[in-house]
Number of protein chains: 2
Amino acid sequence: MDRRLKYERLAEEIAHLIRSGTYQPGAPVPSVRTLAGQKGLSVSTVLQAYYLLEAQGLIQVRARSGFYVSLAPRMATPEPDISTPALDPAKVSVRELVTMLLQDALNPDLIPLGAAYPDPDLSEAGKLNRLMAAIARDMGNRSGRYDMPPGCEPLRVQIARRAAAGGMDLAPGDLITTCGCTEAVNICLRAVCQPGDTVALESPICMDTLQALETLGLRALEIPTHPRDGISLEALTFALDNNPVRACLVISNFNNPLGSLMPEAHKKELVEILARRGVPLIENDIFGDLGFGEQRPPAAKAFDRRGLVMLCSSFSKSLFPGFRVGWTAPGRFLSRVEWLKYTTTTATATLPQLALAEFMAGGGFQQHLRRARKAYAQRLGSIRQAVIRHFPKGIRVTRPAGGFLLWVQLPPGTDSLELYKRALASGIAITPGHLFSASDRYRDFIRLNAAQWSEEWDWAMRRLGRLTVELGGG
Amino acid sequence: MDRRLKYERLAEEIAHLIRSGTYQPGAPVPSVRTLAGQKGLSVSTVLQAYYLLEAQGLIQVRARSGFYVSLAPRMATPEPDISTPALDPAKVSVRELVTMLLQDALNPDLIPLGAAYPDPDLSEAGKLNRLMAAIARDMGNRSGRYDMPPGCEPLRVQIARRAAAGGMDLAPGDLITTCGCTEAVNICLRAVCQPGDTVALESPICMDTLQALETLGLRALEIPTHPRDGISLEALTFALDNNPVRACLVISNFNNPLGSLMPEAHKKELVEILARRGVPLIENDIFGDLGFGEQRPPAAKAFDRRGLVMLCSSFSKSLFPGFRVGWTAPGRFLSRVEWLKYTTTTATATLPQLALAEFMAGGGFQQHLRRARKAYAQRLGSIRQAVIRHFPKGIRVTRPAGGFLLWVQLPPGTDSLELYKRALASGIAITPGHLFSASDRYRDFIRLNAAQWSEEWDWAMRRLGRLTVELGGG
């Protein structure tokens, strides 16, 4: 039986027409709607086929115009293909590697291209700490009390107000504050899954999510994901039809590591596909405030009509992680999640929440986001250019529209774990692709943290490029 | 078949001899060792029988002398009996009640005799907050970084040093910091148990522990526990012989709610009984620093030779809970627990840990403990006297040697949930006994938080006494 998905078959058909000269270099390929109509396929399937061809360098997109056959196929540095993980759930085991990476992350002597940390110099730590000290003085001994779930009301008020920017209509009573986004995702998973259950998620996906699944005894079902548009809805539908999927988990805005941003229409469709089956969607929106565009992209939660979307987020990427403050808006599962929060860590630290609430209320957060978005857009561009300049031919690299992470596909056969080791010996931390799949699928990928940039970083990128060549790439 | 335990049968035998006049009022009963020798029983079994008789008012202990038949049996206000929970594991369900109590705990208009909170005016919040502000200024933007597991080294150094006072030989590398003791207990349970497993624990036991078990899908096996000496080793051995117990969980120093303090010899024996069977002991030592005696009592962990004791604690009772900083020394399970910490909440907040480390290093914690112990001893005494003075005859009340909690047995048949509701209407929060068992065993008990005391509290105790009388007690 042909196990390939529809869009893969369609892409191969078009590729054949290009190679055979039916579609000439520079000429347009059929519009998405036309082809969808001709083939009796959905617009989303045709789009995914075109993305695959674009990633292969066979076609190119022109703004407001459509797709064209490339003039010089494969000369540009393409984005990686849409991923093709195995369509069976896999037990997760990434522990040893993560332990090594945690050591790197604690080592101040390494150039930090590894862990997904924001730039400390953009963190507003000074302002937040001064706010916290002032609040502590005012509150006196009351500052030491438990802040019981659902957690700090002034902060929930601010988060609910800001949710409107993400297209969401949330009240403070819809929110629970947590010890970071990690706790939020954990308790949402526990609220809707039992050990042994299967969770569908994007592939590649950040190690934290895979680890949460592993320790909760859940199975990861990895769904093909496009580096620009996110999870393949066609593949997800196929998975839902063929597996007992208990929940779906996505980072719809600026996925870690892909940086993919689901178009609004895809988010809406995703929510509807899942709602029809009554499957909850756990949405990690931790990078959602770091888009480079004029408008903050909506969360999938914005399209939730049945209370099945469980939004999770925190300040760990947009400000800094040391406060350990996150939140969740778990829809119809509110009461169960609140209970799990209480039994897991009792409460979230009191003062950091109050300081964040005041920072947001005073407009400091908005101001900070404007500065941070601009800085990350520039740095991501610099690192991306350095990859193209210094790495061997044959590599691919993502073009994220937000966040501060890059996903690089090395020349086929390059062992990124070996590259990681050699980079460490040169004082450079990177994250090998092994960590982004439960089925060890991304051995020739690396993730780069592009939150910082200086001359030293340029040196590091040159060095990484040379190490990649030495490993036999290009 | 006679399901009573040996000490219960022995107590009944002695009671018969007292009632029949064989042992006269004021005369000594046989010494513990003598009787143990005569009956071929262990010293611990005879002691438990004597405690039971003492709780029934039939015998009294005289310091450095032994046990005597009471001159006026039942005239004094006795401690509650050793508990007699059902010897079958029970599914836990205490959620609704806890949700109500959380509301009370957030209500500043109530006299807080309910939740187990330390006195905010003894919290050193001012000092700690000033330390935190100073550290934040010194560290600048670095203060915002993740403090990855095992967590803040300076704090682990201080905790390891202080562990010597609890008889433990710990190195900083044996410790992992956590978001409070609740997270420590949770990840220790997850490290050694799977859903469906049975955990043996003291009865009565604080609701937090029961809730952790419930949400992790674990079964609670409640073991009879003496209000002075803690868990019955005989009953525990019986339980271990007859149930698939995967772990044991105790608060060996000043149990919540009993205030019981296991004698050193019992702790040692407990560790040995479990070690012989390879069963891990999760020890919650959160009240261990709040003993009223000259010496800090050792933790059971002090007798751990095989790395099977998983010590859990925090600053939430000894200082204040708002920082959310706890720790665990999980013995041979260190690596698994560290991993669970990472996947559950990633890290513990950075600055509060550093502030606590500096507070301890400067001697502030020691100084604070001296003051807190004295204050809590006095207040516990005041509330205890108020119980004896204002509550109807027939009640029993514990005589803890540490902590700030009292456990009161109301006259038989009194519904403490009804008392809780009427007390609330009078502006007083208490904790009904329903919350301290998975099998709803303590309906005629209440727990009182004795951390604070003033004239208002005296009024509250009088009111509680009157409400108890109105409910038909005495």
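Do the two copies meet through the same surface or through different ones? In this predicted model, 100% of the interface residues of chain A are also interface residues in chain B, so the copies meet through the same surface.

**View 1. The interface between chain A and chain B.** On the chain A side, 47 residues are in contact with 47 residues of chain B. Six helices of chain A each give two or more residues to this side: H4 (95–105), H5 (125–139), H7 (180–192), H8 (207–215), H11 (334–345) and H12 (350–361). By class, the chain A side that touches chain B holds 21 nonpolar, 19 polar and 7 charged residues.

**View 2. The axis that relates the copies.** A turn of 180°, with a shift of 0.0 Å along the axis, lays chain A on chain B. The RMSD of this fit is 0.1 Å. The two copies are thus related as by a two-fold rotation axis. In chain A, A:Ala133 has the C-alpha nearest the axis, 2.7 Å from it.

**View 3. Helix H1 against helix H3 in chain A.** H1(A) spans residues 6–19, and H3(A) spans residues 43–55. The two helices pack at an angle of about 55°. Their axes lie 8 Å apart. That angle makes H1(A) oblique to H3(A), since it falls neither under 35 nor within 65 to 115 degrees. The crossing of H1(A) and H3(A) is right-handed. From H1(A), the contact is made by A:Lys6, A:Tyr7, A:Glu8, A:Leu10, A:Ala11, A:Ile14 and A:Ala15. H3(A) brings A:Thr45, A:Val46, A:Gln48, A:Ala49, A:Leu52 and A:Leu53. Sorted by class, this contact of H1(A) with H3(A) has 9 nonpolar, 2 polar and 2 charged residues.

**View 4. The domains of chain A.** Chain A is divided into domain 1 (6–69), domain 2 (95–120 + 367–470) and domain 3 (140–364). Taken over C-alpha atoms, the centres of domain 2 and domain 3 of chain A are separated by 25 Å.

**View 5. Where domain 2 touches domain 3 in chain A.** Domain 2 of chain A gives 26 residues to the contact, and domain 3 of chain A gives 29 residues. On the domain 2 side, the elements that give two or more residues are helix H13 (364–390) and strand E13 (405–409) of chain A. H13(A) gives the most to this side, with 7 residues. The side of domain 2 of chain A that touches domain 3 has 16 nonpolar, 7 polar and 3 charged residues.

Methods
Residues numbered from 1 in each chain as written. Chains lettered and ligands numbered in written order. Predicted model: local features only at pLDDT ≥ 70, side-chain atom pairs only at ≥ 80, totals over all residues. Contact = placed C-beta atoms within 7 Å. Helix = DSSP H or I, 4+ residues; strand = E, 2+ residues; numbered from the N terminus. Nonpolar A, V, L, I, M, F, W, Y, C, P; charged D, E, K, R; others polar. Least-squares fit on C-alpha atoms with pLDDT ≥ 70 in both. Axes fitted to C-alpha atoms, helices over the stretch in contact; angles between N-to-C directions. Parallel < 35°, antiparallel > 145°, perpendicular 65-115°, else oblique. Left-handed = near helix turned anticlockwise from the far one by under 90°. Domains from an automatic or database assignment.
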